[in-house]
Amino acid sequence: MFVINDKKLSLQVLIMTLILVGMIIITQLTVVWMTETYKKNMVVHDTEIAGYLLNQGMDAHQIAMAFTDDKSDNETQMGAVLLKNVGYRESMNTGLVPSVKHFYRKFALVNLFFSSGFSIFLLIVFSFFASQREKQYRDAGGKIQRFMDGDIAIRLEDSNDDSLSMFFAKVNIMATALTAHLEKEKNNRLFLKTTISDIFHQLKTPLTALQMYNEIILDEKIDNPVVESFSQKSQRELLRMENLIQNLLKLAKLDAGTIDLEKSRHQLREFLEKCQACFITRAAFENKKIKLDCDNLISLCCDEIWLGEAVQNIVKNALDHTKATDQIEISGRENSLLIEIIIKDNGLGIDPADIHHIFERFYRSCYSKDREGIGIGLALSKAIIEKHGGTITVQSELGEGTTFHLIFPKLTNL
């Protein structure tokens with residue numbers, strides 16, 4: 001047996017059932033009324049005919065027998081033929097029979113009144129329950145939107161016994177679990193941020209000491225070529241180690257979500273000129289050119305320090321993979337939908353087997369001539385660009401050069 005546990009739905013079904021039962025009772029009473037009315041009309045009609053026949057001189061007993069005796073089939077056919085000759089038949093217009101016409105008009109209006117009233121009442125009852133349920137849906141939708149906007153303490157109304165409240169209770173359980181997960185994730189990120197900072201400071205102290213010791217050795221001028229050579233190599237490795245630790249710290253902070261970008265609007269050309277200036281000395285020393293092409297009117301909303309880190313990593317990568325007399329082009333473009341930074345070189349290019357892996361952390365191609373890179377610069381650049389709401393793509397042909405496209409939809413500038 002089907003049982004409805006929803007009290008509101010049960011009430012709705014009960015009210016609908018009572019309305020239908022009431023309609024059935026009213027219909028039956030209407031049928032009884034119509035029958036009685038039809039009987040009265042028929043008696044009046046027969047009385048009129050009897051009076052007419054009596055007035056015409058027919059025997060009263062014969063007239064009474066005509067209305068009360070059973071009729072044979074032959075008599076019925078004879079009567080039908082007689083009346084048919086004067087147009088009195090089943091197919092004649094109802095309006096030609098006054099009693100039938102009156103009966104039709106009366107009960108057509110009665111039927112229209114009751115059917116319309118029943119339909120309107122049923123519609124009102126249904127609309128009432130539907131509006132109540134719709135209000136619950138709207139309230140629930142508004143609360144869910146507020147939860148998604150950050151009000152994680154809000155919950156849906158689940159104190160009733162209807163099925164919708166039971167569903168809301170399940171949603172509340174899910175929201176509670178999600179809130180607990182978010183809180184745990186927040187604490188994990190805070191712990192990770194603290195741990196990363198502690199590790200960085202723990203590494204920075206001995207690293208600084210090693211750099212100081214190495215500088216003392218270099219300043220001693222002991223006239224030992226071997227010691228001087230190894231001291232210089234140590235210095236380079238210490239600087240490389242410091243750069244690695246700094247990049248790993250930045251990447252870990254991005255992963256942990258503890259970086260809050262301080263965005264502001266910057267002229268793109270001025271921003272790219274600052275990035276270019278960081279490599280002018282190195283490019284001149286290596287006999288390479290860095291060319292800049294960007295309209296003065298283009299502006300980009302970004303965190304200058306972090307996005308500068310991303311662009312500089314890509315330019316550095318281009319310098320690492322070009323030879324003397326090669327050229328690196330940095331350009332800025334704008335259209336109605338996006339702003340694009342393009343960094344192009346005519347250097348060694350990327351092997352097809354590597355192009356899909358260059359943004360992976362610590363990935364090093366077996367064809368790479370860069371023996372000092374650790375494969376983290378491009379991964380860091382990608383993370384920073386995506387943090388800005390942008391994307392980075394690369395096009396390259398081996399021996400023909402490489403082009404990086406940094407694309408920022410203008411929606412991110414709002």
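How many residues lie between E4 and E5 in their hairpin? There are 3. Keep in mind while you look around that this is a predicted model.

**The sheet as a whole**

That hairpin belongs to an open sheet of 5 strands, and going across it you meet them in the order E2-E4-E5-E7-E6. The pairing is mixed. Strand E2 (289-294) and strand E6 (391-397) sit at the edges with a single partner strand each, so one side of each has no neighbour in the sheet. On average, neighbouring strands here are turned by 15 degrees against each other, direction ignored.

Here is how the neighbours pair up, going from one edge to the other.

| Strand pair | Sense | Bridges |
|---|---|---|
| E2 and E4 | parallel | 6 bridges |
| E4 and E5 | antiparallel | 7 bridges |
| E5 and E7 | antiparallel | 8 bridges |
| E7 and E6 | antiparallel | 7 bridges |

**Walking across, residue by residue**

Start at the E2 edge. Cysteine 294 stands opposite glycine 332 in E4, and E2 and E4 run parallel. Glycine 332 is a handy landmark, since on the E5 side this glycine stands opposite isoleucine 341. Next along in E4, arginine 333 has glutamate 340 of E5 as its bridge partner.

Glutamate 340 then takes you on to E7, where the residue opposite is isoleucine 407. Another pair joining the strands E5 and E7 is aspartate 345 with threonine 402, the latter in E7. Threonine 402 carries you further, to serine 396, which stands opposite this threonine. Glutamine 395, in turn, stands opposite threonine 403 in E7. Those last two pairs bring you to E6, which pairs with strand E7 (residues 401-409) in the antiparallel sense.

If you are tracing side chains along any of these strands, it helps to recall that in a regular strand the side chains alternate between the two faces of the sheet.

**What is covered, and what lies across**

Are the strands E5 and E7 mostly covered or mostly open? E5 is mostly covered, with 6 of its 8 residues buried. E7 is mostly covered too, with 7 of its 9 residues buried.

Helix H7 (residues 268-277) lies across E2, strand E4 (327-334) and strand E5 (338-345). Relative to E2, helix H7 runs at about 170 degrees.

**Turns and loops with positive phi**

A few backbone spots are worth a look. E6 and E7 form a hairpin with 3 residues between the strands, and in that hairpin glycine 399 takes a positive phi near 85 degrees.

Which residues other than glycine do something similar? One of them is asparagine 287, with a positive phi of about 60 degrees. You will find asparagine 287 in the loop between helix H8 (280-285) and E2. This asparagine counts as partly exposed because its relative accessibility is 47%, and the exposed class starts over 50%.

Threonine 325 is another, with phi near 75 degrees. Threonine 325 sits in the loop between helix H9 (304-320) and E4. At 60% relative accessibility, this threonine counts as exposed.

**A nonpolar patch on the surface**

Away from the strands, what makes up the nonpolar surface patch of about 400 Å²? The contributors are Leu210, Met212, Tyr213 and Ile216. Leucine 210 has its place in helix H5 (residues 163-219). With a relative accessible area of 44%, leucine 210 is partly exposed. That value lets leucine 210 count towards a patch, because patch residues need over 30% relative accessible area.

Technical notes:
Residues are numbered from 1 along each chain as its sequence is written. This is a predicted model: local features need pLDDT of at least 70, side-chain atom pairs count only at pLDDT 80 or more; totals for chains, interfaces and linings use all residues. Side-chain values use heavy atoms; hydrogens and water are left out. Two strands pair if DSSP finds at least two bridges between them. Helices (H or I, at least four residues) and strands (E, at least two) are DSSP runs, numbered from the N terminus. Axes are lines fitted to C-alpha atoms, for helices over the stretch in contact, and angles run from 0 to 180 degrees between N-to-C directions. Contact means heavy atoms within 4.5 Å. Buried means under 20% relative accessible area, exposed over 50%, partly exposed in between (1.4 Å probe, protein chains only). Patches are made of residues with over 30% relative accessible area and no salt bridge: like charges are joined within 9 Å, nonpolar side chains (Val, Leu, Ile, Met, Phe, Trp, Tyr) within 5 Å. Accessible areas come from the Shrake-Rupley method with a 1.4 Å probe; for residues, only the protein chains shown count as cover. A salt bridge is a side-chain nitrogen of Lys or Arg within 4 Å of a carboxyl oxygen of Asp or Glu.
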